[in-house]
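The following exercises concern a predicted model. Each task is followed by a solution in steps.

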Amino acid sequence: MGKQGRRMKMVALFLVVLFQCKFLAVAILDPLDFLALQSIRKSLRDLPGSNFFASWDFTSDPCNFAGVYCDSDKVIALNLGDPRAGSPGLTGRIDASIGKLSALAELSIVPGRIYGSLPQSISQLKELRFVAFSRNFISGDIPATLGQLRSLKTLDLSYNQLTGEIPRSIGTLPELTNVILCHNHLSGSVPPFLSQVLSRLDLKHNALTGSLAPDSLPPSLQSLSLSWNQLTGPVDKVLSRLDQLSYLDLSLNQFTGAIPGRLFSFPITNLQLQRNLFSGSVQPADQVTISTIDLSHNRLSGQISPMFSTVQNLYLNNNRFTGQIPASIVDQLLAGDIQILYLQHNYLTGIEINPTADIPVSSSMCLQYNCMVPPVQTPCPLNAGNGKTRPTVQCNEWKG
């Protein structure tokens, strides 16, 4: 055989080997996983402008599909949809066959128009550690069987149309670190969370009711948002335990009772407690280092603590504070260290400030509708109304 013939034979042999390797690559994936991916593909489609499924050609290796990650012959991660900003995403339903991907540890569907309910079969995925279906149109209840996913660390079902209660079984999961169920239509009470590594709990913008038991949340929490619900009762005991908090938002609920002074020594950068029914005096033990504090629209009373003079943005308006505004707060305002100081709609009786004082352009103060004539006229927010001074009869009644 001549040199040309040997070369032809080698090329032919190489093509045979290449074909066999390609065939083996297709065949090496577990058959159950292969069939599950086919069913998942049939239940979903690209929205106009999206081409996520362009690589999903089942004559080739599924482990090379966009969003599919394998270990040996099993699918271990499934990230459906194009994560780039502005991508139209996917539409369709989540097929129940997803529960056949027995080694799956990570499951996500990026923003799109996925509708229908969460399949119960997800609870069969015992290796699952990460679930994120945020910003879709998923409806129905959260399956209580998700409580069988004992390895689950992150559950993000935010910005959907879920209804019903948060299953108490989810609160028993021992490895949970992130629970994000905000912007749904969930009702019922907040279940106790037993995980001692839970760092983020976001349940805002739902229809949750009831009160928080003193031991219902673990001390490991760093971020807690329960705003825009209908929660009631005192929170001083549960909050006093959460000394790792760096973010706290309980606004727009109906919480009652005192705000614990210990809360102001936590490593919080943003504290949102506005529009509740909190009452009593507010007495931080030390100088407050939280940059933004909003306690507005409550029933807080007593004198304003000078410990708030180091707060950059301080909202104490629409409460029942009385007495003189601390001189240290005025000094920090004039120095430009306080940028927002809203004290309108209280029962304050005085402030030591020169009427000709120059308040920095970067700072904003509102004093109207208190039991004094504001010595300086400053722009107030529109919702403060037109009244400059509270009627004398109201001030006398409050004194009495």
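**Exercise 1.** Describe the chain over the domain that UniProt places at residues 33–71.

*Solution.* The unreviewed UniProt entry names this feature "domain: Leucine-rich repeat-containing N-terminal plant-type". Over residues 33–71, helix accounts for 28% of the chain and strand for 18%. The C-alpha atoms at the two ends are 12 Å apart.

**Exercise 2.** Determine which parts of the chain the salt bridge between Asp-30 and Lys-74 ties together.

*Solution.* Begin with the distance: the closest N and O atoms of Asp-30 and Lys-74 are 3.6 Å apart. Next, locate the partners: Asp-30 lies in the loop between helix H1 (3–27) and helix H2 (31–43), and Lys-74 in strand S3 (residues 74–80), so the pair ties together parts that are 44 residues apart in sequence. Asp-30 and Lys-74 are both buried. Finally, a network of salt bridges links Asp-30, Asp-33 and Lys-74.

**Exercise 3.** Classify Asp-82 and Arg-84, which form a salt bridge, as buried or exposed.

*Solution.* The N to O distance in this salt bridge is 2.6 Å. Asp-82 has a relative accessible area of 17% and is therefore buried, since buried means under 20%. Arg-84, at 60%, is exposed, the cut-off being over 50%.

**Exercise 4.** Locate His-205 and His-345 and assess the accessibility of each.

*Solution.* His-205 lies in the loop between strand S13 (200–202) and strand S14 (207–210); its phi is positive, near 55 degrees. At 27% relative accessibility, His-205 is partly exposed. His-345 occupies the loop between strand S25 (340–342) and strand S26 (347–350), with a positive phi near 60 degrees. At 19% relative accessibility, His-345 counts as buried.

How values were computed. Residues numbered from 1 in each chain as written. Predicted model: local features only at pLDDT ≥ 70, side-chain atom pairs only at ≥ 80, totals over all residues. Heavy atoms only, no water. Helix = DSSP H or I, 4+ residues; strand = E, 2+ residues; numbered from the N terminus. Buried < 20%, exposed > 50% of the residue type's maximum accessible area, 1.4 Å probe, protein only. UniProt positions renumbered as here; feature names shortened; annotations may be inferred. Salt bridge = Lys/Arg side-chain N within 4 Å of Asp/Glu carboxyl O.
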